[in-house]
Protein chains: 2
Amino acid sequence: VNLQWALDRVRTRVREVLSERDVPAAVQAVLEEAHAILDEDITMCRTIGENGQEVLQSCHTVLTHCNAGGLATSGYGTALAPVYVAAEQGHAIHVYADETRPLLQGARITAFELQQVGVPVTVICDSMAAWTMKKGKVDVVIVGADRIAANGDTANKIGTYGLAIAAHHHNVPFYVAAPYSTFDYDLPTGTDIPIEERAPDEITCGFGRQTAPDNVDVYNPAFDVTPVELISGIITEKGVWYP
Amino acid sequence: VNLQWALDRVRTRVREVLSERDVPAAVQAVLEEAHAILDEDITMCRTIGENGQEVLQSCHTVLTHCNAGGLATSGYGTALAPVYVAAEQGHAIHVYADETRPLLQGARITAFELQQVGVPVTVICDSMAAWTMKKGKVDVVIVGADRIAANGDTANKIGTYGLAIAAHHHNVPFYVAAPYSTFDYDLPTGTDIPIEERAPDEITCGFGRQTAPDNVDVYNPAFDVTPVELISGIITEKGVWYP
């Protein structure tokens, strides 16, 4: 949603200038609008991170799923922003990163960016998250969001829903961190959020190597919807929203 | 446990014969004992499958984790035995197979063996199981077991515990299928079952391709323990055991 929003915004700005047939000014306008968006995004992510400090108090470990960090946004990201702000303030947080099958954004991106800035990170398979909670290793879960319905139901990367159930079972707080623009007030609940199903070979041949028999049937939903009952709160740049 | 048990049994038999210094007779004894174990195992798996029919009544879909089928045992396996017996009796069952990271036994073995005998199977990532249940696609979960404590707590492939929590959340019955010999009466509960931690590269480089940054920390428990509170029953060759 956000990428399309940014393109639309730049396009609108360019059309205004192009109506005067001034191409160099249009090129300049593209650059200025892009930089403005970048600056706003950096500020927004940072504010999400600052607002997230209230849920990190007395937490030493955070489990996250997929990637909602600096490589998915500008600056500090969304789900990882509270971790980066905490690290900046000298509050040490250890992150458990679900590898996030099938495309492994957690192992490939989240682990990488945390490692780059020196935040301790441990990679686990998605199926290990519940056991990791059981062993007392997880103080709080923070994930990003693709779309949030008006009631708080949250669509995010597949696996988020199972993680929320596991967190609920272990009384581990489960937070969503996202820009306020992720709320879709046209959707009363998450029930109507369409779920993309992706190609089987992401699962059967995801690493350049076939890992399932030929022609096997596959179910590959890209997202799931976590009902608001399983969500402790939603961290936005406008503050933390509680049910 | 079972492999060691079978080796011990053959070794004991051979020692008896070798004490008479009759080598050809010892060779024959190895073969006879191995065939006897094979025959017993085939019968035992079949009986587990027959006993499992009582939990499959009115079920059309079974979700399983890892592999506890004909390629892990003799004959019909344990968790898959009820499915094979149902198929034999003309009761159509569709299986959802968790791929089972990190080693993908579900995608590589369970899907393969079901496909070979024409039982419909759909592969999913482990992180998709909860959502698959939410969509009403799972009537019952059946998994194998590595070790069962006296109270019913069950050690099995990592991911089983999270699956049991998800099943509980959706009121989907969750069964363990295993030979009666899997019960370890020396262990009152599952709390004391040691959990093997395996090499990081099963997760970071599991398919001959690096999928996480160099030197990243990894937590790779091979098993987890599902408490008996989350288990609807245990299907053995002696019958179905309910809490």
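Here are four short exercises, each with a worked solution, on a predicted model with chains A and B.

**Exercise 1. Work out how many residues each chain brings to the contact, and how much area is buried.**

Solution. Start with the residue lists: chain A puts in 51 residues, and chain B puts in 51 residues. Next comes the area. The two chains bury about 4,200 Å² between them, and carbon and sulfur atoms account for 68% of it. Then ask who does the heavy lifting on the chain B side. Trp131(B), Phe207(B) and Tyr219(B) together give 18% of the area that chain B buries against chain A, more than any other three residues.

**Exercise 2. Find the salt bridges and polar contacts across the interface, then describe the side of chain B that touches chain A.**

Solution. Apply the salt-bridge rule, with its 4 Å limit from a Lys or Arg side-chain nitrogen to an Asp or Glu carboxyl oxygen. Two salt bridges turn up between chain B and chain A. Take the side chains of Arg101(B) and Glu99(A): they form a salt bridge with an N to O distance of 2.6 Å, which passes the 4 Å limit. Now count polar contacts: there are 12 residue pairs between the chains, with both residues at pLDDT 80 or more.

Which elements of chain B supply at least two residues each to the side that touches chain A? They are helix 5 (105–116), helix 6 (129–134) and helix 7 (160–169), along with strand 3 (121–124), strand 9 (217–218) and strand 10 (223–226). Sort the residues of that side by type and you get 28 nonpolar, 12 polar and 11 charged.

**Exercise 3. Work out how the two copies are related.**

Solution. Lay chain B on chain A: a turn of 180° with a shift of 0.0 Å along the axis does it, at an RMSD of 0.1 Å. The copies are therefore related as by a two-fold rotation axis. As a last step, compare the contact residues: 100% of those in chain B recur in chain A, so the same surface serves both copies.

**Exercise 4. Trace the strand pairing, both between the chains and inside chain A.**

Solution. Go across the interface to begin with. Strand 9 (residues 217–218) of chain A runs parallel to strand 3 of chain B, and two bridges join them. Asp217(A) sits opposite Thr122(B) in that strand 3.

Now stay within chain A, where an open sheet of four strands has the order 8-5-6-10 and mixed pairing. Its edges are strand 8 (183–184) and strand 10 (223–226), each paired on one side only. Strand 5 (residues 147–149) of chain A pairs with strand 6 (residues 154–157) of chain A in the antiparallel sense, over two bridges. Here Ile148(A) stands opposite Thr154(A) of strand 6.

Definitions and conventions. Residues are numbered from 1 along each chain as its sequence is written. Chains are lettered from A and ligands numbered from 1 in the order in which they are written. This is a predicted model: local features need pLDDT of at least 70, side-chain atom pairs count only at pLDDT 80 or more; totals for chains, interfaces and linings use all residues. Side-chain values use heavy atoms; hydrogens and water are left out. Contact means heavy atoms within 4.5 Å. Buried area is the accessible area (1.4 Å probe) that two parts lose on being put together, summed over both. A polar contact is a pair of N or O atoms within 3.5 Å; within protein, one must be able to donate a hydrogen and the other to accept it, and residues adjacent in sequence count only if both atoms are side-chain atoms. Ala, Val, Leu, Ile, Met, Phe, Trp, Tyr, Cys and Pro count as nonpolar, Asp, Glu, Lys and Arg as charged, and the others, Gly among them, as polar. Two strands pair if DSSP finds at least two bridges between them. Copies are superposed by least squares on the C-alpha atoms of residues with pLDDT of at least 70 in both.
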